[in-house]
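Biologist: I would like a close look at a single part of this model, set in the context of what surrounds it. Please take the sequence and structure below as the starting point.

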Amino acid sequence: MVTVANAHDDLIHDAVLDYYGKVLATCSSDKTIKVFDTDGTDNYKLIETLTGHEGPVWQVAWAHPKFGSILASCSYDGKVFIWKESPENKHWSMIAEHAAHSASVNSISWAPHELGAVLLCGSSDGKVSVIDFKEDGTTTHVAFPAHEIGVNAVSWAPVTHSNNAKETSANTMSHRRFVTGGSDNLVKLWHFEPSSNTYVEEATLEGHTDWVRDVAWTPSVLVKSYIASASQDRSVLIWSQDNSGKWKSTPLKDERFPDVVWRCSWSHSGNVLAVSSGDNKISLWKEDLHGKWESAGDVEQ
C-alpha cells in the first residue's frame with residue numbers, strides 16, 4: 001500500500017483516481033486541490049496544487065477522458081470550478097466557474113459520457129444544478145429545488161444502451177436520471193422530461209431517520225440496478241425496484257454501524273460496495289445468491 005504523507009495542511013475530504021488509475025486528485029479544508037502522478041512509482045509525485053477556492057473543498061470528480069484531462073471541484077464557498085490539463089505543457093488551469101448556488105456545494109457528479117459533458121451539483125441551498133458543457137466552449141445550466149433543508153449527495157444512473165446507434169438528442173436527454181440525498185432524511189430520484197424540458201421528481205424514498213450523507217447508483221446494470229444510501233443514522237440502505245417498479249430498501253446489515261456513515265461507493269462492475277464510516281474504517285460488501293448482503297472484508301490502513 002502506498003501512503004502519501006503530508007499531502008495537505010488540513011483535513012482531506014476526497015481522493016479520486018482518474019479513469020486509468022494513473023493520476024490522483026485530492027481536496028482539503030486547506031482550500032486546495034492536489035494532483036499526483038501515481039504511474040509506475042511507489043511514491044506519488046505531486047504534479048500541481050490548484051488554488052482558487054475560498055473555503056474547504058469537499059469533492060473532486062474526473063470527467064471521462066474522451067473530453068480531455070478535466071477535473072471538477074466543489075467547495076463550501078458555493079462555487080464549482082472546472083480544471084483542465086494542457087496536453088502541450090501539462091500545466092493545469094481553471095477553464096470554467098459555476099456560481100449558481102447561494103451556499104456550500106457539497107457534491108458533484110459527471111454524467112455517463114454517453115450523455116455528453118454534463119455535471120450534476122448538489123448544494124446546502126436546497127437546490128440541484130445540471131451544467132451542460134458545449135463543444136464550442138459555452139455552458140448552459142438549470143437549477144431547481146430538490147431537498148428543502150439542503151442537498152448532501154448526488155449520483156447519476158447508468159445509461160441503458162439502445163440498439164439505435166443514431167439516437168436523437170431528445171432520446172439521449174431522456175436517459176438522464178439521477179439520485180439525490182438530503183438533510184430532510186430523504187432519497188429522491190429524478191429524470192429529464194423532454195416534453196416540459198425540465199427535471200421532474202420520479203420517486204421519494206423514505207427509510208432513513210437522519211441526514212442522508214451519500215448516495216451511489218450502481219455504475220453498470222447487472223441483473224438489476226441498485227442505489228446505496230448512507231446516513232447520519234449509522235445505516236446503509238440498498239434500494240432496488242421490484243417487478244411492479246416500486247423501490248424497496250434492504251439494510252446492508254442487521255445492526256447499525258458504530259458511527260455515522262459518510263460515503264458509499266460501488267466498484268466499476270457494480271457488484272462490490274465500499275462503505276466508509278466515522279470510526280475511520282472502510283468495509284466492503286457483496287450480495288450473495290440469496291439477495292443478502294455479506295461482508296467482503298475491510299480495507300486495512
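Biologist: What is the relative accessible area of Asn185, and how does that residue count in terms of exposure?

Modeller: This is a predicted model, and everything that follows should be read with that in mind. Asn185 has a relative accessible area of 21%, and it counts as partly exposed because the buried class is reserved for values under 20%. The residue sits in the loop that joins strand S14 (177–182) to strand S15 (186–193), and its backbone has a positive phi of about 70° although Asn185 is not a glycine. A positive phi of about 70° is also found at Arg234, again a residue that is not a glycine. Arg234 belongs to the loop between strand S18 (227–231) and strand S19 (236–241), and with 35% relative accessibility it is classed as partly exposed.

From the loop of Asn185 one can turn to Glu206, whose contacts, once neighbours within four places in sequence are left aside, are Leu186 and Trp239. Glu206 itself lies in strand S16 (residues 198–206), and its relative accessibility of 63% places it among the exposed residues. Between the C-alpha atoms of Glu206 and Val151, which are 55 residues apart along the chain, the separation is 15 Å.

Val151 leads on to Val128, since Val151 is one of the residues that Val128 touches beyond four places in sequence. Val128 has its place in strand S11, and at 0% relative accessibility it counts as buried. Its contacts also include His101, Leu120, Cys121, Val142, Ala143 and Phe144, and further along the chain Phe178 and Thr180. By contrast with these contacts, Pro112 is 16 residues from Val128 along the chain, and the two C-alpha atoms are separated by 18 Å.

Ser155 shares part of this setting: it is found in strand S13 (residues 151–156), and among its contacts outside the four nearest places in sequence are Leu120 and Phe178, both of which Val128 touches as well. The remaining contacts of Ser155 are Ser109, Val179, Val215, Ala216 and Trp217. With Trp217 there is a polar approach too, in that a polar atom of the Ser155 side chain lies 3.0 Å from the backbone nitrogen of Trp217. Ser155 has a relative accessibility of 11% and is therefore counted as buried.

Strand S11 (127–133), in which Val128 has its place, also supplies at least two residues to the lining of the second largest pocket, as do strand S7 (80–85) and strand S8 (92–98). That pocket has a volume of about 520 Å³, and of the 22 residues that line it, Phe67, Ala117, Phe133, Lys134 and Glu135 lie nearest its centre. By class, the lining divides into ten nonpolar, five polar and seven charged residues.

Finally, the record offers a frame for these segments: an unreviewed UniProt entry places the feature "repeat: WD" at residues 50–84, 98–141 and 205–240. In the model, the span 50–84 is 51% strand and 0% helix, with its end C-alpha atoms 11 Å apart. The span 98–141 is 52% strand and 0% helix, and its end C-alpha atoms lie 9 Å apart.

Technical notes:
Residues numbered from 1 in each chain as written. Predicted model: local features only at pLDDT ≥ 70, side-chain atom pairs only at ≥ 80, totals over all residues. Heavy atoms only, no water. 1 Å grid on protein atoms, 1.4 Å probe; cavity = no way out; pocket = protein on both sides within 12 Å on 5 of 7 lines; lining within 4 Å. Points joined across faces, edges and corners; volume = space filled by probe spheres on them. Helix = DSSP H or I, 4+ residues; strand = E, 2+ residues; numbered from the N terminus. Nonpolar A, V, L, I, M, F, W, Y, C, P; charged D, E, K, R; others polar. UniProt positions renumbered as here; feature names shortened; annotations may be inferred. Buried < 20%, exposed > 50% of the residue type's maximum accessible area, 1.4 Å probe, protein only. Polar contact = N/O pair within 3.5 Å; in protein donor to acceptor, adjacent residues only side chain to side chain. Contact = heavy atoms within 4.5 Å.
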